[in-house]
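Here's a short set of exercises on charged pairs, buried residues and surface patches. Grab your viewer and try each task before you read its solution.

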Amino acid sequence: MKQEMERLRQELEDLRSRNRELEETLDAIQSGEVDAIVVSKEGRKEIYTLEGADHLYRVLVEKIQEGALTLTVTGMILYANTAFVAMRRQRLSAIIGTSLRDHIAPRDRSRFDELLTRSLTGPGRGEMLVCSGAGSFPVLVSMTPIMVDGSPKLSVVISDRKEDYDRLHLQSRMLDAVADAVIATDPAGRIIYWNWSATRTYGWKEAEAMGQSLNEAVVRELSQDDADRMAEQLGSGNAWSGEFQVHHRDGHLFPIHVNQAPVFDEDGEFVAVIGTSHDISERKAIERALAESEAEARSFMDNMVDACAICETVYSPDGKPIDIRLVEVNAALAQELGRPAAEIAGWTAFKIRPELTLPWFDRFLEVHRTGAAMQFEEPFPVVGRWYRIAAFPVRGGRVAVVFHNITERKQAEEALAESEDRYRSLVEKSIDAVLLSLPDGSILAANAGASQIFGMTEEELIQAGRASLIDESDPRFTAAYEERARTGRFSGELTYRRKDGTLFPGEVTSALFTDRNGAIMSTMIIRDITKRKEIEESLKIYSERLQVSNEELQRFAYIASHDLQAPLRSIVSFSQLLDRRYRGKFDKDADDYIRFIVDGGVRMQNLIKDLLLVSRIETQVQSFAPTDARTVVADTIRSLETLILEIGAVVTVDPLPIVMADPPQLEQVFTNLIGNAIKYRRPEVPVVVWVSAVRQGGWWEFAVRDNGIGIEPEYFDQIFEMFSRLQTKDEYEGTGIGLAIVRKIVARHGGKIWVESTPGKGSIFHFTLPGESIKGRDTDV
């Protein structure tokens, strides 16, 4: 056993020694202290020299920010600088000896294989994603073949392109708003960019076009001579423009106008061709029509939606071009200028609208002089419009000019730009926290409001991540997370944590969305509702206390009123008995005193009865239910039938709706309002009462109109107060509580009540109730 332990100890010491040697070797490679390494493979030794990467070169490579590597022709990493190690977030010892292909994102490995094969015969480069930690980021990989001790190797430089990628992403969005097709190809002619207008023009979707050969997909009809001239022009660093036939995705041919320019990188290396193009079928059709027949051209022009004119140059006596004469104009141009076409033909442009002619006069002369077609966009501030102007030569030395009104498109582009500016400003100036994150909780961006609320800088928020900001022990968190995962949105309240560890309540709205690359992103808008919660808690306590106080007050009023009934009933009964038995047996004063007691007791009974009604508004109630207001009014009229017949009143009832109400309380409202309309009448005028209702959104507005004595405006509020009376009891009976009861009942239903009145002509009492449905009827009560 002792010998075995000694053997194991010796093996462990050997392994440690080899590990130290390996680390020292890697350090020596990085610092430039060694020129070669020997690797044993299956019984043989292979020598890899570093003679080509001398000490100074390696020191410089270690200082640059780009990743630098040396590979075998099969892609195995022989050397990697510190920048690449930082990109991969691994130890150098875990990188050396591995294949660079394994460090490339799976989706781009086939692209890497192509680049590796291509670079064996010459320099090559390509964009792809490099793995880093749990994610990946875009880089530009440049490979150059080199010879080391007569053995072929590859020198590799890897540049982080994330900033370029983000900038290109924004530029891509902007290019999508351009009306022309924008297409970019790599040096091999493969499509690397395809905007939305390209899809509209050529029929290919972006995903279908990317990676295809532009010549095979679209430009099949270009002659070899034209292709050679284009390549020569672009290869010399100059832009090229021209026209030729192309194929639509559905197979049909159509003409386009193309502007192309070469793109070079910082080192002057040709990396791409970018071009804009647009369908010139309409213009070509005009050219053909004009060439075939003047009559056909005239017909075509007159039927064009765009404004069009055939023009010729006007010269001064010394041969200088000074104006443009409109030889023929179409109806659309006549409409734009607001003059008949026959009147405009023969006029010069400067005579018609000099302020509109100046912007494009020089371009017109250039087309006339060179014979080359031209198209451009120009604003005309005088008339508040934008035009796309196409000018091209026609027979007879003349020039056809087509004006296409693009004002709406330009306004839309400006509105889009303004909208983006407003959105950006809104986010930055918002007092709420606005966070952009990934579904895993990684924060990508945060506004100033987030920094204010959480007490962190944007960098600290990004580093902290969502998990550090949300109190995941909040029982609502799991349900909120699941709801957003299921529906893509969540809105509610959660508990959050500040930098100092304090918790606070937040109101959050979160939504998932997909960016242009198909990546799922998340937005969160968080509002600190600490103060609101404090106010809500205070209001809750106050409401509970107020509720208790109201309940006690209602119980007191009910008990007090109920207990007063019995003794008051005795007083009234015995006073009435005295009045019946002893009236006339005493002197007149005694009879008056007894009558005063009886009247006072009766008024007190009515007052207590009304007080009991007030206390029962909240205590003895029924649940709100669909209630037919017409039926309630009919019951009210029956209860007042004797009074109505006695004075000969006319009560008219319009079709009334079904509302959500407490039926007995609703009858109290109509009894008080119709009863008051009859009570406060003008003696010399027959009483007319009219009940109606109109729809106001989800509510019904009722009106009880009369032709009585009316009310002065200064008393409109006072009449709804408890015990409020505008007339003496000798003029009109009552306790002054009726309208106060009506107001409390309407308020319990969530409605409101008000009055309109003209003294001496009548009053209209309005009140609102929540609606249930509409039922019209043809007959009146």
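**Exercise 1.** Is E460 buried or partly exposed, and which side chain does E460 meet in a salt bridge?

*Solution.* Start with the cover: E460 is partly exposed, at a relative accessible area of 27%. Here buried means under 20% relative accessible area, exposed over 50%, and partly exposed in between, with a 1.4 Å probe and protein chains only. Next, the partner: E460 pairs up with K499 in a salt bridge, 2.9 Å from N to O. (A salt bridge is a side-chain nitrogen of Lys or Arg within 4 Å of a carboxyl oxygen of Asp or Glu.) Last, place both ends: E460 belongs to helix 18 (residues 458–464), while K499 lies in the loop between strand 20 (489–497) and strand 21 (503–514), so the pair links distant parts of the chain, 39 residues apart. Helices (H or I, at least four residues) and strands (E, at least two) are DSSP runs, numbered from the N terminus.

A quick word on the input: this is a predicted model, where local features need pLDDT of at least 70 and side-chain atom pairs count only at pLDDT 80 or more, though totals for chains, interfaces and linings use all residues. Residues are numbered from 1 along each chain as its sequence is written, and side-chain values use heavy atoms, leaving out hydrogens and water.

**Exercise 2.** Find the salt-bridge partner of R527 and compare how covered the two ends are.

*Solution.* The partner is D432, with 2.9 Å between N and O. R527 sits in strand 22 (residues 520–528) and D432 in the loop between helix 16 (407–429) and strand 18 (433–437), 95 residues apart. As for cover, R527 is partly exposed at 39%, whereas D432 is buried at 10%.

**Exercise 3.** How many salt bridges does a search of the whole structure find, and which residues are linked in a network?

*Solution.* The search turns up 25. The network joins D180, E377, R388, R409 and K410.

**Exercise 4.** Which residues form a nonpolar patch with Y582 on the surface?

*Solution.* First locate Y582: look in helix 21 (residues 530–582). Y582 is partly exposed, at 33%. Its patch mates are L578 and F586, and together the three have about 290 Å² of accessible area. Patches take residues with over 30% relative accessible area and no salt bridge, joining nonpolar side chains (Val, Leu, Ile, Met, Phe, Trp, Tyr) within 5 Å and like charges within 9 Å. The areas come from the Shrake-Rupley method with a 1.4 Å probe, and only the protein chains shown count as cover for residues.
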